[in-house]
Amino acid sequence: MTQTVQHHPRTTRSATALPRILAPSGRGGLRDHLARHGSLPHASGAELLDAVEQSGLTGRGGAGFPTGRKWRAVAGGPGPRVVVGNASEGEPASSKDHVLLTTNPHLVLDGLQVAARAVGASRVALYAEPDVDTWDVLGSALAERDDDRVVELVAARHAFIAGEESAVVDAISGGAGLPRAKPPRVFERGVDGRPTLVQNVETLAHAALVARYGPAWFRGLGTPDEPGSMLTTVHGGAGDPGARTVAEVEIGTPLGALVDLTGIQAVLLGGYHGTWLPVEVARTVRLSRASLGEAGGALGAGVVVPLPAAACGLVETARVLVYLAAQSAGQCGPCLNGLPRIALVAEALAEGRAVPRDMADLRRWGDLVVRRGACAHPDGTVRFLASALAVFEREVQRHLAGRCSATDGRPVLDVGRP
Ligand SMILES: Cc1cc2nc3c(=O)[nH]c(=O)nc-3n(C[C@H](O)[C@H](O)[C@H](O)COP(=O)(O)O)c2cc1C
Ligand code: SF4
């Protein structure tokens, strides 16, 4: 029988007020956090699971999987079970998890406790890059709390694929942090072979609010199919292509309301496994999976990079492809051999050295690596390339003739530190 959670909101929080999960001002300690939200309700695991399921919350780590369904699958497995907060954020163009974790750590830690109670987990871990800022904040926040379940901090590898869920589970189980072949999925056999819930830290922060204010409150923002708010990392602005802002927006917000599209030729959505959209299309879309899907785009983990008209989309794409090829974990032949070949030809195209036959090779190699890896890294990389070839089709022809229309060579897409 499905039960509904009784909620006793301590404050009269408006369902439509933003920000919800970003702290309104700076970093606060546990006292500020409790003053804003109150403590977690004394709901049972079954009640919390029902509330998250009814809220329609979906994963904010990239794939958008329904959170309640995943919790139910883990809860249905044999104990002991494990919950992992995924804060690795290997995507160099994304900053939202870092900002959330370092400015509002208690909401994420609440989310871990809620998830652990809902799925009946006895082990709880938080997987994050061990930079001094993050570790300091988390160390202090954990020291202030008196949780039912102890949270282990586990140092994430600095790599694009480090946050893929089977790589996360491998690292926490004492391995090298590399993706594993599926099946089994991590909800069946994860950390030390136990049923494991791997959840992005933003998803956990939303779950912590659903536990307090209820599913109807959560559905006060967003669309019926994609409720709630989401974090975005928006690049550019004020004439500086290197600037980035983390903003919380309602799902379904028009993209044009989030970024100024003046003087822009295309927008990269969803990060380096995402897709380019021409600016004419970008002006018509909303930030939802449904709207972006119809336009051939992807929401991913909320990365939005406008490409100025003066930049070259092929040069930008090639730089990222070289980076992505170097991020292959080197375990699967097609990924290990195919991605560097693809990157070399993309570089030749960017530099005006490619010939028409190279274009056919690019497409053929793309087909050869897709769905051939233990993880989705080759698929995401090929999707990014394919969208560049389609959106910058006219520029491809110019480059094949040895010309480039860019007038500003400053890099736009950041490939981070090595
Ligand atoms: C190559 C690759 C890298 C990924 N990196 C991350 C990451 O850094 N953080 C993250 O939360 N999810 C990442 N994911 C998605 C995870 O596998 C997993 O779906 C996610 O952590 C589940 O949480 P969610 O349902 O809350 O989104 C990545 C997936 C792939 C294929
Ligand atoms: S597909 Fe590539 S990145 Fe993924 S596990 Fe295989 S070699 Fe590693």
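# Pockets, a sheet and some unusual backbone

The largest pocket has a volume of about 1,400 Å³. The residues closest to its centre are Gly 61, Gly 62, Ala 63, Gly 163 and Glu 164, out of 46 that line the pocket. The model is a predicted one.

Which elements each supply at least two residues of the lining of the largest pocket? They are α3 (67-75), α4 (96-103), β4 (196-200) and α16 (377-391). Strand β4 gives the largest share, with 4 residues. By character, the lining of this pocket holds 15 nonpolar, 18 polar and 13 charged residues.

Next come the enclosed spaces. Rolling a probe the size of a water molecule over the atoms shows where empty space is left. Across the whole structure, a search finds 5 cavities of 30 Å³ or more. The largest cavity holds about 110 Å³ of space. It has 15 lining residues, and those closest to its centre are Thr 58, Arg 60, Ile 251, Arg 289 and Leu 299. The lining of the largest cavity divides into 6 nonpolar, 4 polar and 5 charged residues.

Where does the largest cavity lie with respect to domain 1 and domain 2? Domain 1 (30-215) gives residues to its lining, and domain 2 (229-308) does too, so the cavity lies between them.

The second largest cavity holds about 80 Å³. Its lining has 7 nonpolar residues, 5 polar ones and no charged ones. Three cysteines take part: Cys 332, Cys 335 and Cys 375. Ser 328, Ala 329, Gly 330 and Gln 331 also line this cavity. So do Gly 373, Ala 374, His 377 and Pro 378, along with Pro 179.

Now turn to the sheet. Strands of a sheet pair through backbone hydrogen bonds, either parallel or antiparallel. Here 5 strands form an open sheet, and their order is β6-β5-β9-β7-β8. The pairing is mixed. Why is one side of β6 (244-250) and of β8 (275-278) left without a neighbour in the sheet? Both strands stand at the edges and each has a single partner strand, so one side of each has no neighbour there. From one strand to the next, the twist averages 25°.

Walk across the sheet from β6. Strand β5 (residues 229-235) pairs with β6 in the antiparallel sense, over 7 bridges. One bridge can be picked out by its residues: Ser 229 has Glu 250 of β6 as its partner. Strand β5 also pairs with β9, this time in the parallel sense and over 2 bridges. There Thr 233 stands opposite Val 303 in β9. Strand β9 pairs with β7 (residues 264-269) as well, in the antiparallel sense over 5 bridges. In that pairing, Leu 268 has Val 305 of β9 as its bridge partner.

Is strand β9 (residues 303-308) largely enclosed or largely open? Of its 6 residues, 5 are buried, so the strand is largely enclosed by the rest of the structure.

The backbone has some unusual spots. Most residues other than glycine have a negative phi, and most peptide bonds are trans. Two peptide bonds to proline are cis in this model: one runs from Leu 18 to Pro 19, with omega near 0°, and the other from Gly 79 to Pro 80, with omega near -5°. Pro 19 is found in the segment before α1 (30-37). Pro 80 sits in the loop between α3 and β1 (81-87). With a relative accessibility of 47%, Pro 80 counts as partly exposed. How far apart in space are Pro 80 and Thr 196, C-alpha to C-alpha? They are 9.3 Å apart in space, yet 116 residues apart in sequence.

Two residues have a positive phi although neither is a glycine: Glu 89, at about 40°, and Arg 371, at about 60°. Glu 89 lies in the loop between β1 and α4. Arg 371 lies in the loop between α15 (356-369) and α16. Are these residues buried or exposed? Glu 89 counts as buried, at 16% relative accessibility. Arg 371 is exposed, with a relative accessible area of 72%.

Note on methods. Residues numbered from 1 in each chain as written. Chains lettered and ligands numbered in written order. Predicted model: local features only at pLDDT ≥ 70, side-chain atom pairs only at ≥ 80, totals over all residues. Heavy atoms only, no water. 1 Å grid on protein atoms, 1.4 Å probe; cavity = no way out; pocket = protein on both sides within 12 Å on 5 of 7 lines; lining within 4 Å. Points joined across faces, edges and corners; volume = space filled by probe spheres on them. Nonpolar A, V, L, I, M, F, W, Y, C, P; charged D, E, K, R; others polar. Pairing = 2+ DSSP bridges. Axes fitted to C-alpha atoms, helices over the stretch in contact; angles between N-to-C directions. Domains from an automatic or database assignment. Buried < 20%, exposed > 50% of the residue type's maximum accessible area, 1.4 Å probe, protein only.
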